[in-house]
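Student: Please take a close look at the side-chain contacts between the helices of this model. I would like one connected account of the pairs involved and of how accessible their residues are.

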Amino acid sequence: MGTSPAPPLQLLYARAGHGHAGALVTLGLAGIVLTEAAGLRGLPAHFGRWAIPASSVLMPAGFFLSTAGKDVNEPNGLKVLITAGGVVLGAGLLTLGGSLVAQGLRNGEG
């Protein structure tokens, strides 16, 4: 165990990683439940169900792994996981949200 304090960048990215993990896991659980309400079937159902939880792994992994090591002053190439998690999150939310809106329109609620 090291006794030297962590560089400010590592502290910042560690906070961001933990915050994103908690928020996205909660959103992912709601997304799994809402996938059933959206009436999705087949591949869109699987994507809508698992894209948000996948982002809750990708984004924090990017924050943690891109600043791993000693005396880190800038993130390494694994920061691309943060962007990949954001893209997966956006695609999952669009799939799920679009399906919920379409389901509402089909039911005459919109």
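Tutor: In this predicted model, Glu36 and Arg49 join their side chains in a salt bridge, with an N to O distance of 2.5 Å. That distance satisfies the criterion, because a side-chain nitrogen of Lys or Arg has to lie within 4 Å of a carboxyl oxygen of Asp or Glu. Glu36 belongs to helix 1 and Arg49 to helix 2, so the contact ties together parts that are 13 residues apart in sequence. The count of salt bridges under this rule is one. As general background, side chains of opposite charge can pair when their charged atoms come close. The two partners can also be described by their accessibility: Glu36 is partly exposed, at 45% relative accessibility, whereas Arg49 is buried, with a relative accessible area of 15%.

An aromatic contact is the next item. Searching the whole structure yields one aromatic pair. Its members are Tyr13 and Phe63, arranged edge-to-face, with 5.5 Å from centre to centre and 75° between the planes. The angle leads to that label because planes over 60 degrees apart count as edge-to-face. Tyr13 lies in helix 1 (residues 8-37) and Phe63 in helix 2 (residues 42-65), so this pair ties together parts that are 50 residues apart in sequence. Tyr13 and Phe63 are both buried.

Helix 2 also contains Phe64, which is partly exposed, with a relative accessible area of 33%. Together with Leu65 and Leu78, Phe64 forms a nonpolar patch on the surface, and the accessible area of the three together is about 240 Å².

Conventions
Residues numbered from 1 in each chain as written. Predicted model: local features only at pLDDT ≥ 70, side-chain atom pairs only at ≥ 80, totals over all residues. Heavy atoms only, no water. Phe/Tyr/Trp six-rings, centres within 6.5 Å; stacked < 30°, edge-to-face > 60°. Helix = DSSP H or I, 4+ residues; strand = E, 2+ residues; numbered from the N terminus. Buried < 20%, exposed > 50% of the residue type's maximum accessible area, 1.4 Å probe, protein only. Patch = residues over 30% accessible without salt bridge, like charges linked within 9 Å, V, L, I, M, F, W, Y side chains within 5 Å. Areas by Shrake-Rupley, 256 points an atom, 1.4 Å probe, with all protein chains shown as cover.
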